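Colleague: I am new to this one. Please take a close look at a single part of the surface, then place it in the whole chain.

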Amino acid sequence: MKSTIAALVIALFAGVGPVLAEDWTGAYAGFSFGYADVDGSGNVGGSDVGFGPVIGYDYDFGNFVLGGELEYNWLNLDLGQSEGSLDSMSRLKLRGGYDFGSALGYVVVGAARASTSGDSDTAAVYGIGVAYPLGDRFVISGEALRQDFENVPQSGGKLDANVFNLRTTFRF
């Protein structure tokens, strides 16, 4: 019985090779599609879908990957309470992550700009994401991002935005 179990364990591990790490170095471009949930002072806010282009560059240091990215999301979010609409959010992001072999888990920090029908504001953006390659060139990923704007609605109040994006990119 023990020899049968030992033979099964050896057979199981004999067919398993080492996990090959993905090479994340290079430029990429693609599109994101997501959901924005926005809350502000005085019952201002709402939710809407957003979409837009993304472009970036990553450098693979082995197990650690560092990169920069520019992302733009079109929105048509009525903020309510006669506060106008949130028309777009753009982000300049620095991302750093760990190469898990077949996937990249990463954190994001950077700057975000919200444009509304009344005013625009810049805030910090931070979040997490995971990327998974489909072949040599295509990558699918998902991100959860947070932005805290201080002076966006027409009344000058706060606006906190949570954005959840699904993305597909092409690596060059």
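Modeller: Start with V109. V109 is partly exposed, at 44% relative accessible area; that class lies between buried, under 20%, and exposed, over 50% (1.4 Å probe, protein chains only). V109 sits in strand β5. Strands (E, at least two residues) and helices (H or I, at least four) are DSSP runs, numbered from the N terminus.

A word on the source. This is a predicted model: local features need pLDDT of at least 70, side-chain atom pairs count only at pLDDT 80 or more, and totals for chains, interfaces and linings use all residues. Residues are numbered from 1 along each chain as its sequence is written, and side-chain values use heavy atoms, without hydrogens and water.

Now the patch. V109 joins Y57, Y59, F61, F64, L66, L94 and Y126 in a nonpolar surface patch of about 790 Å². Such patches take residues with over 30% relative accessible area and no salt bridge (Lys or Arg side-chain nitrogen within 4 Å of an Asp or Glu carboxyl oxygen); their nonpolar side chains are joined within 5 Å. β2 (45–60) and β3 are the elements that give two or more residues to the patch.

Next, the inside. The largest nonpolar core (buried Ala, Val, Leu, Ile, Met, Phe, Trp, Tyr and Cys joined through side-chain atoms within 4.5 Å) has 25 residues. V38, L79, L86, M89, F149 and L159 touch the most other members. β5 gives the most to this core, five residues.

Finally, the whole chain. It has one helix and eight strands. The helix comes at the N-terminal end of the order, α-β-β-β-β-β-β-β-β. Of its 172 residues, 41% count as buried.

Note on methods
Patch = residues over 30% accessible without salt bridge, like charges linked within 9 Å, V, L, I, M, F, W, Y side chains within 5 Å. Areas by Shrake-Rupley, 256 points an atom, 1.4 Å probe, with all protein chains shown as cover.
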